[in-house]
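Reader: I would like to go through the empty spaces and the surface of this model with you, and to hear the reasoning behind each label.

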Amino acid sequence: MRHFLCLSMTFAALILPRAHAQNLALELVAEGLTAPVHVEDATDGSGRLFVVQQDGVVRTIGRAGRLEAEPFLDLRSRLLPLEQGFEERGLLGFVLHPDFRHNGRVYATYSAPLRAGAPAHWNYTRRVSEFTAAPGDLSRIDAGTERVLLELDWPSRKHNGGGLAFGPDGHLYVGMGDGGVSHGVGKKVIWEAFEVPAPALAWDGLAQDRQSLFGKILRIDVNHGFPGYAIPETNPLGGRTGRAEIWAWGFRNPYRIAFDRSGDGSFFVTAIAETLWEAAYQVREPGNYGWPLMEATHCVDRLQPRRPPEQCPDHDANGAPLRMPVVEYPNMQASHPDTKLGIKGVGTAITGVRMYRGDAIPALKGRLVFTDWSASFKEPSGQVFVADPPAAGGALWKYEKVLAVNSRIVGVAEDGAGELFVLTNETFGPYGTTGKVFRLVSRP
C-alpha cells in the first residue's frame, strides 16, 4: 500500500532555493502567432525553425529570424471546427523524421471530423499521419500527400494528449489521452472534474486497459510496414497481453513527450492533473504510470476528489508496480476551501518539460525546465520552473520558480543545439494572434 505523501512531508520541502537560476530571461523570437504549441528545428542546414500552431498551421522562421507568410504545412481544412474559447483540440503534435533532409517526411497528430462509421454521438477522430515534401524541395509540405497511419475515434473533447517525438531508436512515440469521457460523451463538457458521477468514472479505466490505445504512450516503426507501420520487436505487449503499439500506460493526458538529449533513451512526459496534482514522469522503460489508480504520487478517490484516501495500491491488477513521477506540484484546486490538504496551489496545468543540455546557460546544465500554463485560470500568468535530479534515485526532484510571464505558457521546445524556447498565448485557445515564441536566455 502507498501512503498519501503530503501527510508525511511538507510541500515547502520540495522548493529548492538556488539563486543563480534566477538570472534567466525570455528573448522574443517571433510574435503574431496563433497558439504556438511546439517548435521544430529543421536540422537540414537551412537554419529554419518550424512553429506549430494549434489552429492547424505550421509556420517557418527563416535563417534571418523572420516569420514567413507562406505556411510550411497547412492542415486547417483537415481539422474539425475549433471553438473560439477554451479549446484543447486541434493540431496537437508535429515532428520531423530524423532523416528529414533526405526523405522530406514529417508527422502530425490532430483532431479531424468524425470519420464514416464512427459512433455518431462521439466528438472527433484522432489522426496520426505522415506528409512528404516534393522531391528536391523542402520549402513546403503539401497536405495532399497525407498518409494516415492511425485513426482513433475520440468520445469527448477532453484529455487529448498529443505528445509526438522520435526517439534515439528511430521509432515514433505518440501520446494518447484517456479519452476524457468522465466529462461526458459528445460535443460538450457535461461534468467538471470534481462532480463526475460514479457511472462515468468507469471510463477512467481505459488508461489501465492494455487492449485500448487510450491513456497510453505508443511506439511505432514508421520506416516499415507500409502502407501502415510496423511494431518494434521490443515493444512490451506484442499483442499477447495488450495492443502491440503500446509502450507505456496509465496516463491521463500525455500532452508533451521530450527525449533527453544525453542519449540514455529516456523521455519526459507531462501529466496534466484531473484534480489536484500536476506531474512530469521520466520514462526509462515500459510500465504502468498510475492513472487513475494514482495522480502523481498521491492516492485518488474520484467520488471525493478533494479528500483523497491516505492509502492505495502501489501495484496494478496484474502485479506491476506503479511508476512515480520525478516532479509534482499542487494545482490551484489545492487552495479551494473544500480541499483539506493544508497546502496552497501553485499553478493550473503543466505544459512543457525539457532536460537542458545546451551550452548557452551553464547554470542550467543537467537541470529540468518545466512550465505551468498559468498561476491563475482567469488571468494570464505563466510560470517557468527548474528542478534538480537528486543525488540518489527514487526521490521527487526539488524545484524552484525562476520566471513569471504575463501570458499563458503552452509549451517548451528545443533547437538543434539544445537551447530552449518558451511558447506563450494570451487567449484560451487557437484564435487571435497573441502567440509568441521566446528563447530562454541568461541575463547579462
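Reader: What is the volume of the second largest cavity, and which residues line the second largest cavity?

Author: In this predicted model, the second largest cavity has a volume of about 60 Å³, and its lining is made up of T275, L276, W277, E295, C299, V300, D301, P305 and P308.

Reader: What makes a space like this a cavity, when others are called pockets?

Author: The label cavity applies because a 1.4 Å probe fits at its points but cannot get out, whereas a pocket is an open set. By that rule the structure holds three cavities of 30 Å³ or more.

Reader: How is the lining of the second largest cavity divided by class?

Author: There are six nonpolar, one polar and two charged residues in that lining. Asp and Glu count as charged, so E295 and D301 are the two charged residues.

Reader: What can be said of the largest cavity, and which residues are closest to its centre?

Author: The largest cavity encloses about 110 Å³ of space, and among its 15 lining residues R252, A271, Y281, W291 and A296 are the closest to the centre. Two or more residues come from each of β17 (277-283) and β19 (294-295), with β17 giving the most, namely three. By class, this lining has eleven nonpolar, two polar and two charged residues.

Reader: Why is F377 called buried, partly exposed or exposed?

Author: F377 has a relative accessibility of 32%, and since buried means under 20% and exposed means over 50%, F377 counts as partly exposed. F377 is found in the loop between β24 (368-372) and β25 (382-388).

Reader: What makes F377 part of a patch on the surface?

Author: A patch takes residues with over 30% relative accessible area, so F377, at 32%, passes that cut-off. Together with F86 and M332, F377 forms a nonpolar patch with about 250 Å² of accessible area.

Reader: Which residues lie nearest the centre of the largest pocket, and what is its volume?

Author: The largest pocket has a volume of about 1,000 Å³, and of the 43 residues that line it, F86, E88, K158, A349 and F377 lie nearest its centre. The lining divides into 17 nonpolar, 14 polar and twelve charged residues, and β7 (91-96) and β15 (254-259) each supply at least two of them.

Reader: What about the second largest pocket?

Author: The second largest pocket has a volume of about 670 Å³, and its 30 lining residues include E40, V95, F166, R354 and E414, which lie nearest its centre.

Definitions and conventions:
Residues numbered from 1 in each chain as written. Predicted model: local features only at pLDDT ≥ 70, side-chain atom pairs only at ≥ 80, totals over all residues. Heavy atoms only, no water. 1 Å grid on protein atoms, 1.4 Å probe; cavity = no way out; pocket = protein on both sides within 12 Å on 5 of 7 lines; lining within 4 Å. Points joined across faces, edges and corners; volume = space filled by probe spheres on them. Helix = DSSP H or I, 4+ residues; strand = E, 2+ residues; numbered from the N terminus. Patch = residues over 30% accessible without salt bridge, like charges linked within 9 Å, V, L, I, M, F, W, Y side chains within 5 Å. Areas by Shrake-Rupley, 256 points an atom, 1.4 Å probe, with all protein chains shown as cover. Salt bridge = Lys/Arg side-chain N within 4 Å of Asp/Glu carboxyl O. Buried < 20%, exposed > 50% of the residue type's maximum accessible area, 1.4 Å probe, protein only.
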